[in-house]
Amino acid sequence: MPRLAYLLDENISPVVAIQLAAKNREITAVSVHRWRGGALVGPTDATVLRTAREEDRTLVTYDLKTIPDLLMELAADNEAHAGVLFVDSASIHSNDYGGLVRALLAHWHEYQAEDWTNRIAFLVPVPR
């Protein structure tokens, strides 16, 4: 079973992935801006999810508008994904890099050994 690895979508700064690596070298997190040379900045959400599945990367996203519908389509077609971790901007603002890092560190610590295939969850904020 693969270890939990994150793919941060294009609305999350690459700085978050850098800070995660600095805090815990065991965490695999990459920004879509840097992953595969940035080739997945701009393509459809379906393309991003399918490509993330190839490397068992759980997508971390603020996209609460289009991703849920896509997940329903994938489920209807019996197509797997490597997990989606939603972030609600009312809980953690996209420019709150420290808040994102703290929440992802806590999430990884709790769920690192679990299989994230077809899992969907919300990232929970962690107080300072």
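**Reading helices and a sheet**

Student: On one side of helix H3, Met-72 and Ala-76 are exposed. How do I read that, and which residues of H3 are buried?

Tutor: Keep in mind that we're looking at a predicted model. To read burial, compare the relative accessible area with two cut-offs: under 20% is buried, over 50% is exposed. In H3, which covers residues 67–76, the buried ones include Ile-67, Leu-70, Leu-71 and Leu-74. Those residues span an arc of only 100° around the axis, so they sit on the same side of H3. Met-72 and Ala-76 are on the other side.

Student: What covers the buried residues of H3?

Tutor: Helix H2 (45–54) is part of the cover, and so are the strands S3, S4 and S5. While you're there, look just past the helix: H3 is followed by Asn-78, and its phi is positive, near 55°.

Student: Let me try helix H1. Which of its residues are buried, and which are exposed?

Tutor: Use the same reading. In H1 (residues 14–23), Pro-14, Val-16, Ala-17 and Leu-20 are buried. Their arc is only 155° around the axis, which puts them on the same side of H1. Ala-22 and Lys-23 are exposed on the other side. The cover over the buried residues of H1 includes S1, S2 and H4.

Student: Now the sheet. In what order do the strands come?

Tutor: To read a sheet, walk across it strand by strand. Here 5 strands go S2-S1-S3-S4-S5, in an open sheet with parallel pairing. S2 (28–31) and S5 (120–122) each have a single partner strand, so they stand at the edges, with one side lacking a neighbour in the sheet. From one strand to the next, the twist averages 25°.

Student: How many bridges join S3 to S4?

Tutor: There are 3 bridges between S3 (residues 58–61) and S4 (residues 84–86), and the two strands run parallel. For one pair, find Thr-61: its bridge partner in S4 is Phe-86. Then look for helix H4 (residues 97–111), which packs on the sheet and touches S1 (5–8), S3 and S4. The direction of H4 makes about 150° with that of S1.

Student: How do I read a single residue? Is Ser-31 buried or exposed?

Tutor: Ask where the residue is, how accessible it is, and what it touches. Ser-31 lies in strand S2, and its relative accessibility is 2%, so Ser-31 counts as buried. Its side chain reaches the backbone nitrogen of His-33 at 3.0 Å. Leaving out residues up to four places away in sequence, Ser-31 touches Leu-7, Leu-8, Ile-12, Pro-14 and Ala-17.

Student: And what about Thr-51: buried or exposed?

Tutor: Same three steps. Thr-51 is in helix H2, and with a relative accessible area of 9% it is buried. A polar atom of its side chain lies 2.7 Å from the backbone oxygen of Thr-47. Beyond its neighbours within four places in sequence, Thr-51 is in contact with Trp-35, Arg-36 and Leu-40.

Student: Last one: which element has the lowest mean pLDDT, and which the highest?

Tutor: pLDDT is the predictor's confidence in each residue, from 0 to 100. Among the elements of the chain, H2 has the lowest mean, 91, and S4 has the highest, 98. The protein chain averages 92, and 98% of the residues score at least 70.

Notes
Residues are numbered from 1 along each chain as its sequence is written. This is a predicted model: local features need pLDDT of at least 70, side-chain atom pairs count only at pLDDT 80 or more; totals for chains, interfaces and linings use all residues. Side-chain values use heavy atoms; hydrogens and water are left out. Two strands pair if DSSP finds at least two bridges between them. Helices (H or I, at least four residues) and strands (E, at least two) are DSSP runs, numbered from the N terminus. Axes are lines fitted to C-alpha atoms, for helices over the stretch in contact, and angles run from 0 to 180 degrees between N-to-C directions. Contact means heavy atoms within 4.5 Å. Buried means under 20% relative accessible area, exposed over 50%, partly exposed in between (1.4 Å probe, protein chains only). A polar contact is a pair of N or O atoms within 3.5 Å; within protein, one must be able to donate a hydrogen and the other to accept it, and residues adjacent in sequence count only if both atoms are side-chain atoms. The arc is that of the directions from the helix axis to the C-beta atoms.
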